[in-house]
Number of protein chains: 2
Amino acid sequence: MHNLSDYLSQHQQQAERYLRKVFEERGHHFSKLKEAMIYSLLSGGKRFRPILSMACAEAVGGVADQALPFGCAIELIHTFSLIHDDLPAMDNDDLRRGKPTNHKVFGEAHAVLAGDALLSEAFLLMARQPKEIGVSNEIALDIVARVATAAGLEGMVGGQSLDLLAENADVNLAMLELIHLHKTAALISASTYAGARAGGGDALQCEKLAEYGRLIGLAFQVADDILNVTGKPEDLGKAIGSDKQRGKATYPALFGVEASRKKAFELADRAIAVLNDFSEDLSWPLHKLARFVVERDR
Amino acid sequence: MHNLSDYLSQHQQQAERYLRKVFEERGHHFSKLKEAMIYSLLSGGKRFRPILSMACAEAVGGVADQALPFGCAIELIHTFSLIHDDLPAMDNDDLRRGKPTNHKVFGEAHAVLAGDALLSEAFLLMARQPKEIGVSNEIALDIVARVATAAGLEGMVGGQSLDLLAENADVNLAMLELIHLHKTAALISASTYAGARAGGGDALQCEKLAEYGRLIGLAFQVADDILNVTGKPEDLGKAIGSDKQRGKATYPALFGVEASRKKAFELADRAIAVLNDFSEDLSWPLHKLARFVVERDR
C-alpha cells in the first residue's frame, strides 16, 4: 500500500469534481466572464494545493471533505494569480499548461476581471455554510483571515511585487528567499494550515503543518526554477528559459542548477522532519509529497 | 439638529482615521506595493460605503464602530475596482479624483497588483477579530459571504464584464438595469446589509436595509451618469463626456437627462419608503442620504 500516485490521482479527482461544480449553478447572466474563469480554472492543474489541504486534514485525523472547500478556494486564488501573472503588463506569457493564456483567448480586460472574480469567489467558497461539512464558524473565519493574509500585501501579491522589482536587478540570497517565501510558499502554507484547521487539528498541529507547507512551498519554487532551465516545454506546457530571458531572480541564476537541486532536497528533508510528531499512518502522503515536489519533471 | 452635512463629515472622518491605520503596521518589506495601494485608498474618496454601513448599524440600534471594519473593507474593494477599471485594457483613464490614475504613477503591473492586494486585504479586515467590536464569528462570516457575492461573478465584477460588453452595443432597459444592479448597486447593498448585520439587526431589518442599499445604489449610478454629461470636470476630478465617447450604456444615453433625473428621484423615493419600519430618530441620516445621492453635484 501507501502508493502516492494512487493517493494523488484519487484526491486530484476529488478536487476536480468539486471545482467543476463550483460555478455550475451560478453566473448565468455573466457567460463571458464565467467562461473566462472556467477556462483557466479547469485547465488541468495539478491541484497541488487542494491535495495538500486534504492530506493535512487527514494527517490530524479529520476527513478530506472538510478541507475541500478551503483547498479549492486556494486553488481559485492560485488560478487568479496565474491569469494576472500572464498579462502583458506582467510576465506577458502566451502559453500556460499547453494552452493559450487567458488574455490571449478572452482579451486583457476579461482576463483582469476573471482573476478579480476568482479571488472574490474564493472567499465565498470558504465562508458559505462551513457547518455543513462539520467546520465551525470560528474555524472558517480563522482560515479566511489566514488565507487573506497569505494572498495579500504580506503574502503572494506582495511577493509578486518584489519579484517584478527584482527583474534585472542585483538580488542577494536574503531577497531571493523573501520573494519565494511570499510569492509561492505563503499560499501553500495557507493550504496546509487550512486543511489541518478544518480537519480539527489543534493549534500546535496547525502551526507545524503550516511550517511543513512553507518548507515544501520553498522547495516547490526552487524545483520550478530548475525546471525552467532544464525541463522540456512539452512536459511543462510552457516555454522554458523564460526566467533567464527576463532576468528573473532565481536559485539557479544565483547558484547554478546543482547547488539548487541540493537546496531543494534539503528543504524537502526539513519539511519531512516537521512531520515527526504526526502518526505515520495518517501522514505518509505528506512524507511522500515532500519528495515528489522536488523530484517531479513537470 | 439632524444636520446631514455634520453627520457626513463626522462619519467620513471616522472612516478616514480607520483607513489611515489599516496598513500602518504592515507591509514594511513591500513598500512599492503598499505605496500604490495607499495612493488610491487615501485619495479623498467620499467614503460613501463606510458611512452607509455605519448609518445602518445605527439605524438598527447598534454603534458605528461595529460597522467600521466591514464598511472600510468594502471601501478597499471599491478602491480596487476603480484601479482596475482605470487600466488601459479597461476604461483607460488618466485622471481619478483630480490625480493621475494608479497605473499612470506606479505602472500597469503594480496597478494590477495593488488592486489584487486591496481585494485580499478587505477580507482580512472583515475576518480578523470581529469579537473585539462585539460582532460574533457567525455574523462576521455571514458578512464575508455576502460581500464576496456582491464583489464576484454575480456581483460587481460580473457587472463590469457586462458593462464592457455593452460598449457600442444595442442595449435595452433590462440590460442597463442588470448592469447597474451588479456594477454599482450590489456592493452598496452589501454595505448597508453589513452595517445592519454588524449592528445587531434581525434578518428582516438586514434584508430591508439591503433593499434600501440596492435602490440608492441604482440612484447613485443614474446620478453618476447624469454628472458625466452635465457635471464640471473641476468638481468631479475626472473628465466628463467620457461615457458618450466610449459608447457606454447609460440612462442619459437611452432616455435623455431629464427622464434620467426623474428616474433617480423615483429610486430615492422608493429607498426612503423602505425606511418606514425604522425609527425616524435612528434612521434620519439614511432618509437624507437617499436625497443627497441624487442631488449631489460631484
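Take helix 1 of chain B, which covers residues 4–22 of this predicted model. How far apart should the ends of its 19 residues be at 1.5 Å a residue? The expected span is 27 Å, and the end C-alpha atoms do sit 27 Å apart, so the two values agree.

Now look at which side chains of that helix are tucked away. The buried residues of helix 1 of chain B are B:Leu4, B:Tyr7, B:Leu8, B:His11, B:Gln14, B:Ala15, B:Glu16, B:Leu19 and B:Val22. And what do they pack against? Their partners in chain B are helix 2 (31–41), helix 3 (48–59), helix 4 (64–86), helix 6 (108–127) and helix 15.

Let's follow that last partner. Helix 15 of chain B runs over residues 280–295, and B:Ser283 is part of it. Is B:Ser283 buried or exposed? Its relative accessible area is 0%, so with a cut-off of under 20% for burial it counts as buried. Once neighbours within four places in sequence are set aside, B:Ser283 is in contact with B:Ala59 and B:Phe278. B:Ala59 falls in helix 3 of chain B, going by that helix's range of 48–59.

Another serine is worth a stop. B:Ser242 belongs to helix 12 of chain B, residues 242–246. At 11% relative accessibility, B:Ser242 is under the 20% cut-off and therefore counts as buried too. To get a feel for distances, pair B:Ser242 with B:Gly61: they are 181 residues apart in sequence, and their C-alpha atoms are 42 Å apart in space.

Time to zoom out, this time on chain A. It has 15 helices and 2 strands. How does its radius of gyration compare with the globule rule? The value for chain A is 18 Å, close to the 19 Å that the rule gives for 298 residues, so the chain is as compact as a globular protein of that length. Along the principal axes, the C-alpha trace of chain A spans about 50 × 50 × 35 Å.

The inside and outside of chain A can be put into numbers as well. Of its 298 residues, 62% count as buried. Among the contacts in chain A with a separation of 6 or more, 75% come from residues 24 or more positions apart. On the outside, chain A exposes about 11500 Å², with carbon and sulfur atoms supplying 49% of that area. As for charge, chain A carries 33 positive and 40 negative charges, and the mean positions of the two sets are 2 Å apart.

How values were computed. Residues numbered from 1 in each chain as written. Chains lettered and ligands numbered in written order. Predicted model: local features only at pLDDT ≥ 70, side-chain atom pairs only at ≥ 80, totals over all residues. Heavy atoms only, no water. Helix = DSSP H or I, 4+ residues; strand = E, 2+ residues; numbered from the N terminus. Rg over C-alpha atoms; globule rule 2.2 N^0.38 Å. Buried < 20%, exposed > 50% of the residue type's maximum accessible area, 1.4 Å probe, protein only. Contact = heavy atoms within 4.5 Å. Areas by Shrake-Rupley, 256 points an atom, 1.4 Å probe, with all protein chains shown as cover. Lys, Arg positive; Asp, Glu negative; His and termini not counted. Charge placed at Lys NZ, Arg CZ, Asp CG, Glu CD. Expected span 1.5 Å × (residues − 1).
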